[in-house]
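This report concerns one protein chain, whose sequence and structure are shown below. Please keep both in view while reading.

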Amino acid sequence: MAFVKDIRLSLMFSAFLSVGAAVLAHLYLGIINGFQLMYVPFELLGKGLRLLSLASAIGNGVAIAVYLCLALIPFIYWFISRKAGNKPAAGFLLPIISVYSLFLIYFFINPGIMVIRLFPDYGSEVMVISIKAILAFLFWGMWLSYFLLKSADIVLAPASYHKSIPMIRQLQLLLKAGTYLYTIIYSFCRIYPVLTEVSRSAQTEGAAETAGNIKIILLFLLYAINSIPVVLTIWIFVKGIDLLEAMTDRHLKKEEQTAAIALGRVSKIAIYGGVICGLASNLLQLIICGYLKDLTINIYLPLFPLITAFVSMILSGYFKEAGRLKENDELYI
């Protein structure tokens, strides 16, 4: 399908673009961990409001107004929706998000003061980065929870039972967006250990430089091995998009069963690939620990790729069985 071919090319382009963005962010923004990207918008906003506040009394008033308006947007939306009679179950999160936003933005406006007050024992640069990433992660997690709960309300609404085709198309768009997001986040975040080691090795000489180069090679191999289950998972997503395409245009026809069989075949490959890559990754980590005389090791098991593969295989079996039953019914008739 041209649709599938296009998405494969665009996913490859997204992955390479994300790796390139990670390299530039590491070189020019000093980012040493991909999760720092989560709090970069808040850090820029905090710096801007702080500079505006220090500029003049008028600037201080404008900064306070912008701060309050940005933080209270979810609460205002929730209040107006309730007045209009729209009371979704997920709406309870919006006031919570507004209250948390008041704290989060103020934290990034005055990070030094807030760290001393709330985290006095974690004043190192690395720990401050971790604290900022955790606080930003909580914010994005709240918004993700809100949209998931809202989607569940729409799907479970009684009127939605008679709108299967539009829902399948919405699911197709959601799966496509998730595929791109998964590709971009992994490509951007997981390359940083290699980039950090490259920067450290560039500052050493002699035997230390040689040891650093060997470590870079091992880390790059580890990154490549751990990327294989991710690539297989993305392949499953692409086949899932293909199946949803067949469900909307050629439901209960041969094309749908062919797409389901292809999904099952890829899922089986992903299960074998995930298990083999998990074993290879743990063995390579053991080699790295022995080489570096460091017993720190993280047992790697690609749970998300494996769970995705198992669920996709079950889904594929369901569609294949439905196709066989339809063929038997037609033969009987």
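The sections below treat the overall fold, one helix, the open and enclosed spaces, a charged pair and three individual residues.

## Overall architecture

The model is predicted. The protein contains 11 helices and zero strands, and its elements follow one another along the sequence as α-α-α-α-α-α-α-α-α-α-α. Of the 333 residues in the protein, 37% are buried.

Contacts that join separated parts of the sequence can also be described. When contacts between residues at least 6 apart in sequence are considered, 76% of them join residues at least 24 apart.

## Helix H4

Helix H4 covers residues 93–109. Its 17 residues, at 1.5 Å a residue, should span 24 Å, because the expected span is 1.5 Å times one less than the number of residues. The C-alpha atoms at the two ends of H4 are 24 Å apart, in agreement with that expectation.

How many of the 17 residues of H4 are buried? The number is 12, so H4 is largely enclosed by the rest of the structure. In the first part of the list of buried residues are Leu93, Leu94, Pro95, Ile97, Ser98 and Tyr100. The list also includes Ser101, Leu104, Ile105, Phe107, Phe108 and Ile109.

## The largest pocket

The largest pocket has a volume of about 1,200 Å³. Its lining is made up of 26 residues, and those nearest the centre of the pocket are Leu144, Gly178, Leu181, Tyr182 and Ile185.

Two helices, H6 (125–156) and H7 (164–189), each contribute at least two residues to the lining of this pocket. H7 gives the most, with 13 residues. By class, the pocket lining comprises 21 nonpolar residues, four polar residues and one charged residue.

## The enclosed cavity

The structure has one cavity of 30 Å³ or more. The largest cavity holds about 70 Å³ of space. Its lining consists of Tyr77, Trp78, Ser81, Asn86, Pro88, Gly91, Leu94, Tyr146 and Lys150. The elements that supply two or more of these lining residues are helix H3 (57–83) and H6.

H3 provides the largest share of the cavity lining, with three residues. The lining divides into five nonpolar, three polar and one charged residues. Leu94, which lines the cavity, is also one of the buried residues of H4.

## The salt bridge

Side chains of opposite charge can pair when their charged atoms come close. A search of the whole structure finds one salt bridge. It is formed by the side chains of Glu43 and Lys132, with an N to O distance of 2.6 Å. The pair links distant parts of the chain, with Glu43 in helix H2 (residues 40–55) and Lys132 in helix H6, 89 residues apart.

Are the two partners buried or partly exposed? Glu43 has a relative accessibility of 21% and therefore counts as partly exposed. Lys132 counts as buried because its relative accessibility is 10%, and the limit for a buried residue is under 20%.

## Two buried residues of helix H1

Leu11 is located in helix H1 and, at 6% relative accessibility, counts as buried. The C-alpha atoms of Leu11 and Thr183 are separated by 7.0 Å, although the two residues are 172 residues apart along the chain. With neighbours within four places in sequence left aside, Leu11 is in contact with Thr179, Tyr180, Thr183, Ile234 and Val238.

Ser18 also lies in helix H1, which runs over residues 2–28. Its relative accessibility is 7%, so Ser18 counts as buried. Which residues are in contact with Ser18, leaving aside its neighbours within four places in sequence? They are Ile184, Ser187 and Phe188.

## A partly exposed residue of helix H9

Phe220 belongs to helix H9 (residues 207–249). At 47% relative accessibility, Phe220 counts as partly exposed, because a residue must be over 50% to count as exposed. The C-alpha atoms of Phe220 and Leu195 are separated by 9.5 Å, and these residues are 25 residues apart along the chain.

Definitions and conventions:
Residues numbered from 1 in each chain as written. Predicted model: local features only at pLDDT ≥ 70, side-chain atom pairs only at ≥ 80, totals over all residues. Heavy atoms only, no water. 1 Å grid on protein atoms, 1.4 Å probe; cavity = no way out; pocket = protein on both sides within 12 Å on 5 of 7 lines; lining within 4 Å. Points joined across faces, edges and corners; volume = space filled by probe spheres on them. Helix = DSSP H or I, 4+ residues; strand = E, 2+ residues; numbered from the N terminus. Nonpolar A, V, L, I, M, F, W, Y, C, P; charged D, E, K, R; others polar. Buried < 20%, exposed > 50% of the residue type's maximum accessible area, 1.4 Å probe, protein only. Contact = heavy atoms within 4.5 Å. Salt bridge = Lys/Arg side-chain N within 4 Å of Asp/Glu carboxyl O.
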